[in-house]
Structure formats: C-alpha cells, structure tokens
Amino acid sequence: MSSIKGCIFDLDGVVVDTAKYHYQAWKRLANELGFEFDESHNERLKGVSRMRSLEILLEVGGLSFPQEKMEQLAARKNEWYVEYISRMTPNEILPGSKELLEELRAKGIKLALGSASKNTPLIMDRIGLKDHFDAIIDGNIISIAKPAPDIFLAASKAIGVEPPCCIVFEDAEAGVEAAINAGMRVVGIGNPQVLKRANLVVPNLKNFTFQYLVNSLSEK
Ligand code: BG6
Ligand code: MG
C-alpha cells in the first residue's frame with residue numbers, strides 16, 4: 001500500500017507553459033532598461049515571487065532602484081504578462097498533466113495546486129482546470145514565496161494530507177527546495193542538473209502514471 005495520499009502541483013511550467021510568457025515579459029523589461037536577459041539568467045526567476053524576480057533581473061543588469069520605482073517596474077512587467085496569458089487556451093496545458101490529474105483523482109489521491117503566482121485565478125479560468133483540484137493555494141493567499149515551505153504546507157493542510165504523504169510536482173529549483181523544506185517528496189520536471197535535489201526527475205509528464213511514481217520512489 002502506497003504512502004502517497006496527496007499530490008501538489010506547481011502551476012507555471014508544470015500544468016501550463018506560462019514560464020515562456022514570464023520570460024518574454026521580463027526580457028521586454030530588461031531590453032527597455034537597456035540590457036540583455038537570456039534563458040540562462042531566466043532559470044533563477046522560475047518559482048520565485050514577482051518582486052524577487054525583479055531583484056534578480058536588476059542584479060543581472062547591474063541596476064538598482066528605490067522601492068517605489070521597483071513597484072512600477074513590477075507592475076509594468078505584470079501588465080505585459082497579463083496581456084499574454086489573457087489569450088491562453090486549454091491547448092496550452094502541458095502534455096500529460098491533465099491525464100495524470102484525472103488518474104490520481106480516480107485513485108482517490110487528494111489534489112492541490114500550489115503556486116506563487118497572483119495570476120493563478122486568471123490562468124485557471126483560461127485553461128478550465130479549476131475543478132480538477134480539491135484546493136488551490138496561490139500567491140494571493142500566501143505571500144511568503146518559495147523556497148519557503150509555506151505554500152506547500154498550506155496546500156497540505158487544505159487537502160488534509162500530512163507532508164510525508166504529499167508529493168510535489170515542480171519545475172523550478174526554488175520549488176524543489178520549498179517542497180524539501182516542507183518535508184515532502186518531490187518530482188522535478190525538467191533538467192536533472194538544475195533539479196538535482198528532487199527525488200525523481202522527468203523531462204515532462206507525458207505518459208507519467210501513478211504506478212510509475214510509486215515504483216520510482218520506492219526504489220530510492
Ligand atoms: C511562479 C513563477 O509560479 O510565480 C515565477 O514560476 C513568478 O516565475 C511567480 O515570478 C509569481 O507570478 P506572478 O504571476 O504573481 O507575477
Ligand atoms: Mg513553476
């Protein structure tokens with residue numbers, strides 16, 4: 001009998017391919033501020049809060065601004081980002097994630113979404129997956145962002161599953177750290193070199209099944 005009773009999914013880069021829209025909007029801001037920002041820098045922005053992302057971006061550009069200006073820059077990036085995600089469709093759900101959610105629910109596993117994004121409600125409306133989750137915890141509910149464990153702990157509480165029985169699905173290094181800090185096991189989605197602390201790393205969720213999860217974790 002498996003100890004897995006709950007699964008917590010990150011949103012950006014796990015359920016939907018919004019990481020590319022975050023990147024486009026940050027790159028646009030960097031270019032406007034007069035410096036280049038590429039995919040290698042972008043990895044550090046994944047999973048962390050909007051303001052922390054801006055701090056990292058400005059570090060790359062060697063710039064610093066007072067708090068008020070920082071708020072304006074973050075708001076400007078968010079306007080562009082919202083413009084991009086407002087046009088999203090259910091076609092942008094990443095391959096395998098909907099099928100996995102449906103399989104897990106059929107097996108009686110409790111499901112939560114755990115994202116730092118304040119735009120979670122808009123994205124969930126656009127892709128129509130709200131009913132696939134028992135609880136949705138996002139950046140509007142918990143403002144202490146990953147790698148702090150708070151988002152995942154709130155998600156585990158909301159679905160009534162203790163952390164050791166929760167599995168987190170994450171594409172970001174900060175998210176993997178957050179899951180470990182919460183006392184949970186974690187499936188990394190993406191590059192094993194970046195997500196090296198995850199219990200298991202897969203390139204994507206295509207053909208990922210509950211049985212594969214159980215087998216892979218018990219081998220560790
Ligand atoms: C995370 C993304 O899910 O949400 C980060 O991985 C992003 O890149 C963070 O900065 C906050 O998102 P938002 O939509 O509130 O700016
Ligand atoms: Mg993510």
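Which backbone oxygen does the side chain of Ser216 reach? The sections below give the reply and then turn to other parts of the structure, which is a predicted model.

## Ser216 in helix α9

The side chain of Ser216 reaches the backbone oxygen of Tyr212, at a distance of 2.6 Å. Ser216 belongs to helix α9, which covers residues 210-218. Its relative accessible area is 9%. Buried means under 20%, so Ser216 is counted as buried.

In an α-helix there are 3.6 residues a turn, so residues three or four places apart point the same way.

## The magnesium site

The magnesium ion (ligand 2) has three protein donors: Asp10 (OD), Asp12 (O) and Asp171 (OD). They lie 2.0 to 2.1 Å from the ion. Along the chain, the donors follow the spacing D-x1-D-x158-D. The pair Asp10 and Asp171 links distant parts of the chain, since these residues are 161 residues apart. Asp10 sits in the loop between β1 (6-9) and α1 (19-32). Asp171 sits in the loop between β4 (166-170) and α8 (173-181).

Are these two residues buried or exposed? Asp10 has a relative accessibility of 5% and therefore counts as buried. Asp171 is buried too, with a relative accessible area of 9%.

## His22 and the largest pocket

His22 is a residue of helix α1. Its side chain makes a polar contact of 3.3 Å with the side chain of Asp12, and Asp12 is also one of the magnesium donors. Leaving aside neighbours within four places in sequence, the contacts of His22 are Asp12, Lys77 and Tyr81.

His22 also helps to line the largest pocket, and is among the residues nearest its centre, together with Val48, Ser49, Arg50 and Ala116. The pocket holds about 490 Å³ of space and is lined by 30 residues. Which helices each supply at least two residues of this lining? They are α1, α3 (50-61) and α4 (67-85). By class, the lining has ten nonpolar, eleven polar and nine charged residues.

## Helix α8 and its packing

Helix α8 has several buried residues: Ala174, Gly175, Val176, Ala178 and Ala179. The buried residues of α8 pack against α7 (150-159), β4 and β5 (185-189). After α8 comes Gly183, with a positive phi near 80°.

Ala179 is one residue of this helix. Why does Ala179 count as buried? The reason is its relative accessibility of 0%, as buried means under 20%. Leaving aside its neighbours within four places in sequence, Ala179 is in contact with Phe152, Val168, Met184 and Val186. Pro66, by contrast, is 113 residues from Ala179 along the chain, and the C-alpha atoms of the two are separated by 32 Å.

## Glu71 in helix α4

Glu71 is found in helix α4, one of the helices that supply residues to the lining of the largest pocket. How far from Glu71 is Met51 in space, C-alpha to C-alpha? The distance is 8.0 Å, and the two residues are 20 residues apart in sequence.

The relative accessibility of Glu71 is 44%, so this residue counts as partly exposed. That value falls between the limits for buried, under 20%, and exposed, over 50%.

Methods:
Residues numbered from 1 in each chain as written. Chains lettered and ligands numbered in written order. Predicted model: local features only at pLDDT ≥ 70, side-chain atom pairs only at ≥ 80, totals over all residues. Heavy atoms only, no water. Donors = N, O, S within 2.8 Å, 3.2 Å for Na, K, Ca; no water. Helix = DSSP H or I, 4+ residues; strand = E, 2+ residues; numbered from the N terminus. Buried < 20%, exposed > 50% of the residue type's maximum accessible area, 1.4 Å probe, protein only. Polar contact = N/O pair within 3.5 Å; in protein donor to acceptor, adjacent residues only side chain to side chain. Contact = heavy atoms within 4.5 Å. 1 Å grid on protein atoms, 1.4 Å probe; cavity = no way out; pocket = protein on both sides within 12 Å on 5 of 7 lines; lining within 4 Å. Points joined across faces, edges and corners; volume = space filled by probe spheres on them. Nonpolar A, V, L, I, M, F, W, Y, C, P; charged D, E, K, R; others polar.
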